[in-house]
Every structure is written in structure tokens, then in C-alpha cells.
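Trainee: Could we go through a few residues of this structure together, one at a time?

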Amino acid sequence: MMSVLAGLVVAYIRLVYKSNRLVEFDEQRADRLLAEHAPVIVTCWHGQHFIAPMFTRGGEPSVAMVSRSKDAELNARVVEKLGFETVRASGGRASARMANKGAVRGILALREKLRAGHSVFMMADIPHGTPREAGLGIVSIARFTGAPIVPIAYASSRRHVFQKAWDKAVMNLPFGRAALYFGDPIRVPPDADDAKLEELRLELQNALNSLLDKAHATVDAPA
């Protein structure tokens with residue numbers, strides 16, 4: 001049943017992607033970012049994650065980091081059906097807490113994928129945390145792996161927001177207009193201390209929120 005449900009989700013994602021007209025997307029800039037900085041960690045907010053894997057460039061990112069929780073099993077099945085390799089780890093929290101969640105093996109696997117030249121897709125915020133608030137985990141992973149973080153945001157003019165969901169998840173609807181924005185890469189120095197990690201966490205958070213607000217403003221503007 002899980003496989004069937006994942007197949008239905010993938011079919012719907014592809015329908016949304018193909019039927020929404022992209023009115024704002026700088027393909028050349030996106031390609032240049034990946035060409036110049038790859039391998040990278042591409043990230044967006046929870047609530048956008050179902051549509052985001054459709055926006056790969058030249059097959060990258062090709063690896064998706066998915067939470068180890070049972071609740072994330074559907075997410076894993078979906079991204080695998082979209083052609084991604086999956087690494088099961090919990091990267092929302094700071095590295096000290098990742099170890100407590102048994103995620104060390106997953107983070108090491110993630111580093112190996114990046115070292116092999118594969119860009120990675122993962123969420124920036126903490127599952128069941130505060131929506132649109134970046135966790136320290138992603139910047140800690142960037143410091144550990146040396147890969148820059150590239151924020152992205154997607155919005156469609158026709159959408160339904162699940163207000164009771166912790167992440168205010170969005171169901172993008174077909175037959176509308178869409179916008180996709182790629183932000184500037186954020187690099188985390190290997191010697192970054194706690195203060196620097198917090199500074200870069202806020203930078204990422206502000207970049208993601210700015211991109212998402214911009215995407216919403218674009219698709220919500222009169223045609």
C-alpha cells in the first residue's frame with residue numbers, strides 16, 4: 001500500500017510540475033550555480049519538499065536526505081520513485097544531538113556522496129519544529145562536508161495550505177502559474193565556532209524566507 005500511495009503522489013507531483021507555467025525561473029543562473037559550486041546541498045522548507053525534487057539540473061541533486069523516522073517513509077518512497085538515492089539521517093538539529101538519534105552513519109554516508117561529486121537535497125528546518133526556522137543541523141553538515149548550501153523556493157498561484165500541519169504544508173495545485181528561485185550559495189568554514197554557525201543559520205533562514213516571499217509575490221501578482 002505504501003508503494004501504491006507513493007506512486008500516486010509522484011504522478012500528482014508530475015502533473016503539478018507539467019501543468020503550472022513557470023513565469024519566473026532563471027535557468028542559466030541555476031545551471032551556473034551548480035556548475036561552479038557543485039557538489040552542493042540544495043535546501044528548502046518542509047511543506048515544499050514534495051515538489052522540489054522535480055527541479056534538478058542535469059540530474060543534480062541526485063541524493064536526497066530523508067529523516068530516519070517512520071513518518072518519513074512515504075517521503076523516502078516518493079523521492080526514490082523520482083530517481084533519487086536516499087540517505088536516511090536526521091539533520092535538522094545540531095551535530096551533538098544527531099548522535100543521540102543514531103544519525104552518525106547517515107551523516108557519514110552523506111559526506112561520501114558529496115565527496116563522490118553528488119549534490120544532495122535536504123530540508124532546512126527541524127521536523128515538527130517551528131515552520132520557516134532553519135535548524136543548526138544543516139549548517140553543521142555543511143561545515144562537516146565542506147559543501148555549500150543553495151537555498152531554493154517554489155510557489156504556485158493555485159495552492160492549498162494545511163493550516164493545522166506543523167509546517168503549514170502546501171499542496172500545489174495544477175493549471176496555474178509557478179515561480180522558482182535559487183539563492184546564493186552559503187559556505188560554512190570548517191573552523192566555524194558556535195557563534196559563526198548561528199550567524200550562518202540565520203543567514204540561511206532569512207534567505208529561504210526571502211526567496212519564498214518573493215516566489216509568492218510573483219505568482220500572486222495579477223497576470
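Mentor: What follows is a short set of questions and answers on single residues. This is a predicted model, in which local features need pLDDT of at least 70 and side-chain atom pairs count only at pLDDT 80 or more, while totals for chains, interfaces and linings use all residues. Residues are numbered from 1 along each chain as its sequence is written, and side-chain values use heavy atoms, with hydrogens and water left out.

Trainee: Is Leu 200 buried or exposed?

Mentor: Leu 200 lies in helix H7, residues 194-220, where a helix is a DSSP run (H or I) of at least four residues, a strand is a DSSP run (E) of at least two, and both are numbered from the N terminus. A residue is called buried under 20% relative accessible area, exposed over 50% and partly exposed in between, using a 1.4 Å probe and protein chains only. Because its relative accessible area is 4%, Leu 200 is buried.

Trainee: Which residues is Leu 200 in contact with, leaving aside its neighbours within four places in sequence?

Mentor: Contact means that heavy atoms lie within 4.5 Å. One partner is Val 188, whose C-alpha atom is separated by 7.3 Å from that of Leu 200, although the two are 12 residues apart along the chain. The full list is Val 139, Ile 186, Arg 187, Val 188 and Pro 189.

Trainee: Why does Val 4 count as exposed?

Mentor: Val 4 has its place in helix H1, which covers residues 2-19. Val 4 counts as exposed because its relative accessibility is 52%.
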